[in-house]
Amino acid sequence: MKTLITTLVLAFCTTIGFSQSNSSQSVSYGVRAGLTISNMDYKDGPINENQHRNGFLFGVYAEIPLAASLSVAPEIQFSPEGANHEDFANDYINVPVLLKYKLFDDAIAFGVGPQVGVKVHKDNDGFKNFVFSGVGIIEFKLSGDFYVDARYNYGFSNVFDEELVPEATTGVIQIGLNYKVF
């Protein structure tokens, strides 16, 4: 697990370094923290009460300009997900890569992109180690370098191991506060 996280961090830093040296516009970096509200969507009916799970997320991001209003924003973040039952709660290191379009002099931004989630801290619990999602966001500039965003992560892959009978995906709402460090 440590090797995987180290590899993800190295890939993130390499991407940022490469893009910074090849872009005439400046790359910005920041931190993100917020609230997650997660739930599981079962294919064949619920296998537990499936109350949503609330938690706190935190992470880092880079924003790489492609054009005046278009950018790519890779992130690494910790996110608690699943359902509010000990056996169905998992924590993930998520790596979304968002394509963002900004309006009104960066006051509002919309974004979409894929996300890979890597499960942390549990082994042999019946859940897959990797999950794939799609992310949609809307972001508002508050003032200066502070932004608030709302996201929805739609799970594409079954979170349970293939040998298990149930199939489920996760849906996660995130409300975050972002601070552009530089």
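A strand here is a DSSP run of E, at least two residues long, and strands are numbered from the N terminus. With that in hand, take L35: this leucine is found in strand β1, residues 28-42. One caution before going on: this is a predicted model.

Let me start on the surface. L35 belongs to a nonpolar patch there. The other members are F56, V116, F130, F132, Y152, Y154, F156, I173 and I175. Together they offer about 990 Å² of accessible area. Which strands each supply at least two residues of the patch? They are β6 (130-143), β7 (146-155) and β8 (168-180). How exposed is L35 itself? Its relative accessibility is 33%, so L35 counts as partly exposed. The patch takes residues with over 30% relative accessible area.

Now the salt bridges. A search of the whole structure finds 10. I will show three pairs and one network.

First pair on the slide: K43 and E167. Their closest N and O atoms are 4.0 Å apart. This pair links distant parts of the chain. K43 sits in the loop between β1 and β2, and E167 in the loop between β7 and β8. That is 124 residues apart. K43 is exposed, because its relative accessibility is 58%. E167 has a relative accessible area of 34%, so it is partly exposed.

Next pair: R53 and D91. Here the closest N and O atoms are 3.0 Å apart. R53 lies in strand β2 and D91 in strand β4, residues 89-103, so the bridge ties together parts 38 residues apart in sequence. Are these two residues buried or exposed? R53 is buried, and D91 is buried too.

Then K128 and E162. Their side chains meet at 2.6 Å, N to O. K128 is in the loop between β5 (108-120) and β6, while E162 is in the loop between β7 and β8, so this pair ties together parts 34 residues apart in sequence. The two ends differ in cover. K128 has a relative accessible area of 19%, so it is buried; the cut-off for buried is under 20%. E162 has a relative accessible area of 59%, so it is exposed.

Finally, the network. R32, E75, D149 and R151 are joined by salt bridges that share partners. Keep those four names in mind.

On to empty space. Rolling a probe the size of a water molecule over the atoms shows where such space is left. How many cavities of 30 Å³ or more turn up? Three.

The largest cavity holds about 80 Å³ of space. Its lining is S28, Y61, E63, K100, K102, D106, A109, E139, Y147, N178 and K180. By class, that is three nonpolar, two polar and six charged residues. Strands β2, β4 and β8 each supply at least two of them.

The second largest cavity holds about 60 Å³. Here the four network residues come back: R32, E75, D149 and R151 are in its lining. The rest of the lining is Y61, E63, A73, L98, K100, I137, E139 and N178. The split is four nonpolar, one polar and seven charged. Five strands, β2, β3, β4, β6 and β7, each give at least two residues.

There is also open space to look at. The largest pocket has a volume of about 200 Å³. It is lined by 14 residues, and the closest to its centre are E63, P65, A68, K102 and D106. Strands β2 (53-65) and β3 (70-82) are the elements that give two or more residues to this lining. The lining divides into five nonpolar, five polar and four charged residues.

D106 deserves one more slide, along with F104. Most residues other than glycine have a negative phi. What is the phi of D106? It is near 70°, a positive value. F104 has a positive phi as well, about 55°. D106 is in the loop between β4 and β5, and F104 is placed in the loop between β4 and β5 too. F104 is exposed, because its relative accessible area is 64%. D106 has a relative accessible area of 29%, so it is partly exposed.

To close on D106: it has a positive phi, it helps line the largest cavity, and it is among the residues closest to the centre of the largest pocket. Thank you.

Notes:
Residues numbered from 1 in each chain as written. Heavy atoms only, no water. Patch = residues over 30% accessible without salt bridge, like charges linked within 9 Å, V, L, I, M, F, W, Y side chains within 5 Å. Areas by Shrake-Rupley, 256 points an atom, 1.4 Å probe, with all protein chains shown as cover. Helix = DSSP H or I, 4+ residues; strand = E, 2+ residues; numbered from the N terminus. Buried < 20%, exposed > 50% of the residue type's maximum accessible area, 1.4 Å probe, protein only. 1 Å grid on protein atoms, 1.4 Å probe; cavity = no way out; pocket = protein on both sides within 12 Å on 5 of 7 lines; lining within 4 Å. Points joined across faces, edges and corners; volume = space filled by probe spheres on them. Nonpolar A, V, L, I, M, F, W, Y, C, P; charged D, E, K, R; others polar.
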